[in-house]
Amino acid sequence: MAAAIVGEALLSAAVEALAEKITTEISEFYRSKKLDESLLKKLKVTLLSLDAFLNDAEEKQISKAPVKAWLDELTQALFDADDLIDDIATEALRRKVEARYHQSVAAKVRKVLSSTFKWPYREMNSQMQKLFEELEHFAERADNLRLEKDASVNS
């Protein structure tokens, strides 16, 4: 029982940390590159929604194999989400540092020319969209598993 409480607390903390990273580390980058900010908001809401199911899922995983499978798969998806968000945050930081130290005319020209080609940014958006859809699927499955939302979880 104690392991379940610790597991739920760790998973809940991971979800909350991901939501915070979205707000603090990558939202400005998304805004500056004119990427889909609404996707970040939807992703954050979905993460917080999943967080609300964790308490009940931790209790039911012992007696219900599908709930245990859901939790295991969700844990892996959250690790993948963390990796993706860290990659985007790293790219955002790299761009910020480059902008600070490369203020020559040539660098400004390259920046203007490269800004018209947003392939890497489209790929980021595409990966974030896939992540959102995957986590939304977990929320739908939580409903199908009849997991109850914890009313005390902050949304």
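**Close-up views of a predicted helical model**

**View 1. The largest nonpolar core and its best-connected members.** In this predicted model, the largest nonpolar core holds 38 residues, and Trp70, Met128 and Leu135 are the ones that touch the most other members. Helices H1 (2–32), H2, H3 and H5 (119–144) each give two or more residues to this core. H3 is the top contributor, with 12 residues.

**View 2. The surroundings of Trp70.** Let's zoom in on Trp70, one of the three core residues that touch the most other members. Setting aside residues up to four places away in sequence, Trp70 touches Leu50, Phe53, Leu54 and Ala57, and also Phe138, Arg141, Ala142, Leu145 and Leu147.

**View 3. Glu91 in helix H3.** Here we move to Glu91, which sits in helix H3 (residues 65–101). Glu91 has a relative accessible area of 17%, so it counts as buried, the cut-off being under 20%. Beyond neighbours within four places in sequence, Glu91 contacts Phe29 and Met124.

**View 4. The annotated stretch, residues 121–148.** An unreviewed UniProt entry annotates residues 121–148 as "coiled-coil region". In the model, this stretch is 86% helix and 0% strand. Its end C-alpha atoms lie 37 Å apart.

**View 5. Where to trust the prediction, and where to take care.** The protein has an average pLDDT of 83, and 79% of its residues score at least 70. Confidence is highest in helix H2 (residues 37–60), with a mean of 93, and lowest in helix H4 (residues 105–115), with a mean of 58. Across residues 1–6 the pLDDT is below 50, and this stretch makes 2 contacts in the model beyond near neighbours in sequence.

Definitions and conventions:
Residues numbered from 1 in each chain as written. Predicted model: local features only at pLDDT ≥ 70, side-chain atom pairs only at ≥ 80, totals over all residues. Heavy atoms only, no water. Helix = DSSP H or I, 4+ residues; strand = E, 2+ residues; numbered from the N terminus. Buried < 20%, exposed > 50% of the residue type's maximum accessible area, 1.4 Å probe, protein only. Contact = heavy atoms within 4.5 Å. pLDDT = per-residue confidence, 0-100. UniProt positions renumbered as here; feature names shortened; annotations may be inferred. Core = buried A, V, L, I, M, F, W, Y, C linked by side-chain atoms within 4.5 Å.
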